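Reader: Please explain how the local features of a structural model are to be read, beginning with the end of a helix.

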Amino acid sequence: MIFKSNSKKINISIIGVGYVGTVTGACFAKLGNNVIMVDIDKEKTDKINQGISPIYEKDLDDILANNKDRIRADTSYSFAIKNSDATFVCVGTPLKKDNNIDLSFIETATTAIGRCLKEKDTWHLVVIKSTVLPGTAENFILSLLEKHSGKKAGNEFGLASNPEFLREGIAVKDFLEPDRIVIGFYDDKSRDVLIELYKDFPCPIVKTTLSVAEMIKYVSNCFLATKISFTNEIGNICKKLDIDTDEVFKGVGLDHRINPAFFKSGLGFGGSCFSKDVRALITKAKDIGENAKILQSVIDVNEKQPLKMIELLEKHMSLEGKKIGILGLAFKPNTDDIRDSRAITVVDTLIKNGAKVVAYDPKAMENFKKIFSQIEYVSSAEEVLDTDAVLVATGWEEFEDLDFTDKVVIDGRRIERAEKEAAKYEGVCW
Ligand code: NAD
């Protein structure tokens, strides 16, 4: 942490302790606040009470263990709401099959919070950290809270939107050292409580309406996803022209209007957020009579990108009966999250084409087994090398130490040694 927190401490409850909720709760406790974490999954709350993180994220176990006296986890809302001043809602907002956002977890959580507010005598702040489309807090959440609490927003309880921008893999650092904090507020008191809570964070604080705050989150994710698909489209062109994509983007990024970050071509974006948020905004746009053409192309480019790996492999061998090694299953390094991982499309296509898959990931194998129980999982990266070809799907640092001599490698993450040593080497975009 790069600052000393002198802000007034408050009692905080967190609803939903997944990737965002656990990091949020742990970091607020690290800053000196008392935190009660609530989840419907008792396995997760039990772990937190033992000082163990329910998800893998750098530094999280240490923070939970070192701040055990300020953290308590429970499956009951009533204790949490009664004993806190502000509740951060961090439940999932997945995409439904029709590409509309699924608000059922938000609805259940908000209903339960409302019922607890009914029993409470003092003012309480409800903060929405989950990613929700603009208008959701004001038009959906507010009325649910009022209905179930029998109280008026603004007077008897407060409502704010405080979207989260953390990146898995470096989530603790991102939470504690954000580029900006966005506070959308319904009432001034809610704004002031959050400003005080975040007082010592050395970054700009955007104070705005609930809907603007919600939209800032979507537009940020849509822009980043666009940058990745753009980079991959250019990367595919550079590959065919035998031009080094990374060198091109180094030159491009020096323009201060453009910025060098997020110009890494490869297999495309995965994870729980980009695809879901871009699709949700496309659907919202359609509902209001707008055709989000650029955003649709972002998704189309991204869907095809992992298949480039298979195309390149097929240049070197037919897949039927071959033993193909996969290095990396998580959607990015330093996480155990496999949601929308590029490795899913790659493994699925290999199996459909008759290949036998051998896979390794330092953190994500247990999660991957829930989708693909039929492939072989090995306990070290070295064992993956004993195959007809090796596909690098996630850029874990330890893959840089492997000896790729004599191997056929199709690389989605530009592993330096593989590029230098492999007998046959193909980079996806280079
Ligand atoms: P997650 O699926 O990891 O965690 C959600 C948690 O909520 C789960 O533990 C689940 O058991 C719990 N839950 C569901 N219903 C509940 C209920 N009624 N009461 C209590 N707990 C309940 O999700 P996540 O990745 O942490 O994302 C949460 C939100 O934050 C989403 O809206 C997401 O879009 C947004 N977000 C995620 C990230 C990220 O990198 N994961 C970053 C920024 C924003």
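Author: Just after α2, G51 adopts a positive phi of about 80 degrees. Helices (H or I, at least four residues) and strands (E, at least two) are DSSP runs, numbered from the N terminus. This is a predicted model, in which local features need pLDDT of at least 70 and side-chain atom pairs count only at pLDDT 80 or more, while totals for chains, interfaces and linings use all residues. Residues are numbered from 1 along each chain as its sequence is written, and side-chain values use heavy atoms, with hydrogens and water left out.

Reader: Which residue caps the N-terminal end of helix α2?

Author: D41 does: one of its side-chain oxygens lies 3.1 Å from the backbone nitrogen of E43. Helix α2 covers residues 42–49.

Reader: How should aromatic pairs be read, and how many does the structure hold?

Author: A pair of aromatic rings is described by the distance of the centres and the angle of the planes. Rings of Phe, Tyr and Trp (its six-membered ring) pair if their centres lie within 6.5 Å; planes under 30 degrees apart count as stacked, over 60 as edge-to-face and the rest as tilted. The structure holds eleven such pairs. One of them, F262 with F274, is edge-to-face, at 6.3 Å centre to centre and 70 degrees between the planes. F262 lies in the loop between α10 (245–253) and α11 (274–287) and F274 in helix α11, so this pair ties together parts twelve residues apart in sequence.

Reader: Are F262 and F274 buried or exposed?

Author: Buried means under 20% relative accessible area, exposed over 50%, and partly exposed in between (1.4 Å probe, protein chains only). F262, at 31% relative accessibility, is partly exposed, whereas F274, at 14%, is buried. A further pair joins Y360 and F399: the centres are 6.4 Å apart and the planes at 65 degrees, so this pair is edge-to-face. Y360 lies in strand β10 (residues 356–360) and F399 in the loop between β12 (389–392) and β13 (408–411), so parts 39 residues apart in sequence are tied together. Both Y360 and F399 are buried.

Reader: Which residues do ring pairs link into a cluster?

Author: The cluster consists of F28, F88, F175, Y198 and F201.

Reader: Where do charges lie over rings?

Author: A charge sits over a ring if NZ of Lys or CZ of Arg is within 6 Å of the ring centre and within 35 degrees of the ring normal. K227 lies over the face of F263, at 4.5 Å from the ring centre; K369 lies over the face of Y377, at 5.4 Å.

Technical notes: Polar contact = N/O pair within 3.5 Å; in protein donor to acceptor, adjacent residues only side chain to side chain.
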